[in-house]
Structure formats: C-alpha cells, structure tokens
Amino acid sequence: MGGTVENLSCLRCQRDLEQSKSVAVYMFAQTVGIRPRQKSTAQRICFCSQCSVSLAMGPAPDGALNLAAWKMLRDIVSADPALNEAAWEELRGIAGLLTSAQTETKARTGTYFEF
Ligand SMILES: [Zn+2]
C-alpha cells in the first residue's frame with residue numbers, strides 16, 4: 001500500500017478496492033502569484049463506497065484538508081443515491097456472507113424510485 005498514484009485500497013478501512021465501487025479524491029497544489037507558476041503532481045485518495053457514505057453522513061472532521069475532502073464526499077453522496085445504493089449492496093453482500101454462506105443472490109432490487 002505504498003503506491004501513491006495507483007493505490008487501490010480504501011484510505012479509511014484499507015479494504016482492497018480492485019472490485020469494489022469507490023470514490024477517488026484528487027488533489028494537487030499550485031503556486032499563486034509566483035512566476036513561474038508551479039503545479040505539483042496530482043495525488044489520488046480512494047474511499048470505498050461504504051466509507052464514503054459513512055464519512056459524508058458523519059460530523060465534520062478536524063483539519064482543513066479533511067474538511068475539504070468531507071465536503072466533496074457530501075457533494076457526491078447527496079447529489080444522487082447511486083453511491084448509497086452501491087454501499088448498501090456491498091454491505092448486504094458482506095452481511096449475507098457472515099450470516100449464511102449461501103443465501104439467495106436475488107438481493108438486487110428490481111425497482112428504483114423515479115424522481
Ligand atoms: Zn473503506
């Protein structure tokens with residue numbers, strides 16, 4: 001998990017994100033009012049769908065950078081229920097694995113609310 005750009009694990013829970021739905025937060029720095037203008041490389045931070053939703057629903061964190069990331073996550077989570085549903089489905093998959101080894105896979109809800 002030392003990779004900077006291709007780090008495919010959740011920053012919060014360390015879950016491997018290879019086949020999970022996730023949110024990537026991109027960050028870069030740029031000088032202002034200084035010539036020549038400099039731009040850092042971009043860093044990518046990933047959160048799994050469940051941590052994204054959990055963080056967004058939770059209280060504001062400490063620290064300016066954390067707060068900025070938290071606002072971005074809230075933006076995404078509040079804009080559309082898709083990420084929420086992904087988190088819910090993954091949680092349901094994990095909970096299902098814990099309780100009974102193989103129950104039905106018809107958990108996928110056929111109906112969606114239309115707005
Ligand atoms: Zn996570």
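Me: Let's start with Gln14. Where along the chain does Gln14 lie?
Reply: Gln14 sits in the segment before E1. Please keep in mind as we go that this is a predicted model.

Me: What stands out in the backbone of Gln14, in terms of phi?
Reply: The general idea comes first: most residues other than glycine have a negative phi. Gln14 is not a glycine, yet its phi is positive, near 65°.

Me: And how does one read the accessibility of Gln14?
Reply: The partly exposed class runs between 20% and 50% relative accessible area. Gln14 has 41%, so it counts as partly exposed.

Me: Which peptide bond here is cis?
Reply: As a general point, most peptide bonds are trans. In this model the bond joining Arg35 and Pro36 is cis, with omega at about -5°. Pro36 belongs to the loop between E1 and E2.

Me: Let me step back. What is the overall order of helices and strands in the protein chain?
Reply: Along the sequence the pattern reads β-β-α-α-α, made of three helices and two strands. Of the chain's 115 residues, 23% count as buried.

Me: How much of the contact in the protein chain is between residues 24 or more positions apart?
Reply: Counting contacts with a separation of 6 or more, 50% are between residues at least 24 positions apart. For an example of positions that are distant in sequence, take Ser20 and Cys48: they are 28 residues apart along the chain, and their C-alpha atoms are separated by 6.9 Å. Ser20 is in the segment before E1. Setting aside residues up to four places away in sequence, Ser20 touches Arg15 and Glu90.

Me: On to the helices. How do I check the span of H2 against its number of residues?
Reply: Allow 1.5 Å a residue: the 16 residues of H2, 64-79, should then span 22 Å. The C-alpha atoms at its ends are 23 Å apart, which agrees.

Me: Which residues of H2 are buried, and why do they line one face?
Reply: An α-helix has 3.6 residues a turn, so residues three or four places apart point the same way. In H2 the buried residues are Ala69, Trp70, Leu73 and Val77. Viewed down the axis of H2, these fall within an arc of 105°, so they line one face of the helix. The face turned away from that buried side carries the exposed residues Ala64, Lys71, Asp75, Ser78 and Ala79.

Me: What do the buried residues of H2 pack against?
Reply: Their partners are strand E1 (22-27), strand E2 (43-48), helix H1 (49-57) and helix H3 (82-99).

Me: How are H1 and H2 oriented where they pack?
Reply: The class follows from the angle between the axes, and 65 to 115 degrees counts as roughly perpendicular. H1 and H2 pack at about 105°, with axes 8 Å apart; they are therefore roughly perpendicular to each other. Ser52, Val53, Leu55, Ala56 and Met57 of H1 make this contact with Trp70, Leu73, Arg74 and Val77 of H2.

Me: What about the angle and handedness of H1 and H3?
Reply: Their axes come within 8 Å and cross at roughly 120°. H1 and H3 are therefore oblique to each other, and their crossing is left-handed. On the H1 side the contact is made by Ser49, Gln50, Ser52, Val53 and Met57; the H3 side supplies Leu83, Asn84, Ala86, Ala87, Glu90, Leu91 and Ile94.

Me: Ser52 of H1 keeps coming up in these contacts. Is Ser52 buried or exposed?
Reply: Being under 20% relative accessible area is what makes a residue buried. Ser52, in helix H1, has 0% relative accessibility and so counts as buried. Beyond its neighbours within four places in sequence, Ser52 is in contact with Val23, Phe47, Leu73, Val77 and Leu83.

Me: Which other residues of H1 are buried, and what do they pack against?
Reply: Alongside Ser52, the buried residues of H1 are Ser49, Gln50, Cys51, Val53 and Ala56. The buried residues of H1 pack against E1, E2, H2 and H3.

Me: Finally, what can be said of the span and the buried residues of H3?
Reply: The same rule of 1.5 Å a residue gives 26 Å for the 18 residues of H3, and its end C-alpha atoms are 26 Å apart, which agrees. Leu83, Ala86, Ala87, Glu90 and Gly96 are its buried residues, and they pack against E1, H1 and H2.

Note on methods. Residues numbered from 1 in each chain as written. Predicted model: local features only at pLDDT ≥ 70, side-chain atom pairs only at ≥ 80, totals over all residues. Heavy atoms only, no water. Helix = DSSP H or I, 4+ residues; strand = E, 2+ residues; numbered from the N terminus. Expected span 1.5 Å × (residues − 1). Buried < 20%, exposed > 50% of the residue type's maximum accessible area, 1.4 Å probe, protein only. Arc of directions from axis to C-beta. Contact = heavy atoms within 4.5 Å. Axes fitted to C-alpha atoms, helices over the stretch in contact; angles between N-to-C directions. Parallel < 35°, antiparallel > 145°, perpendicular 65-115°, else oblique. Left-handed = near helix turned anticlockwise from the far one by under 90°.
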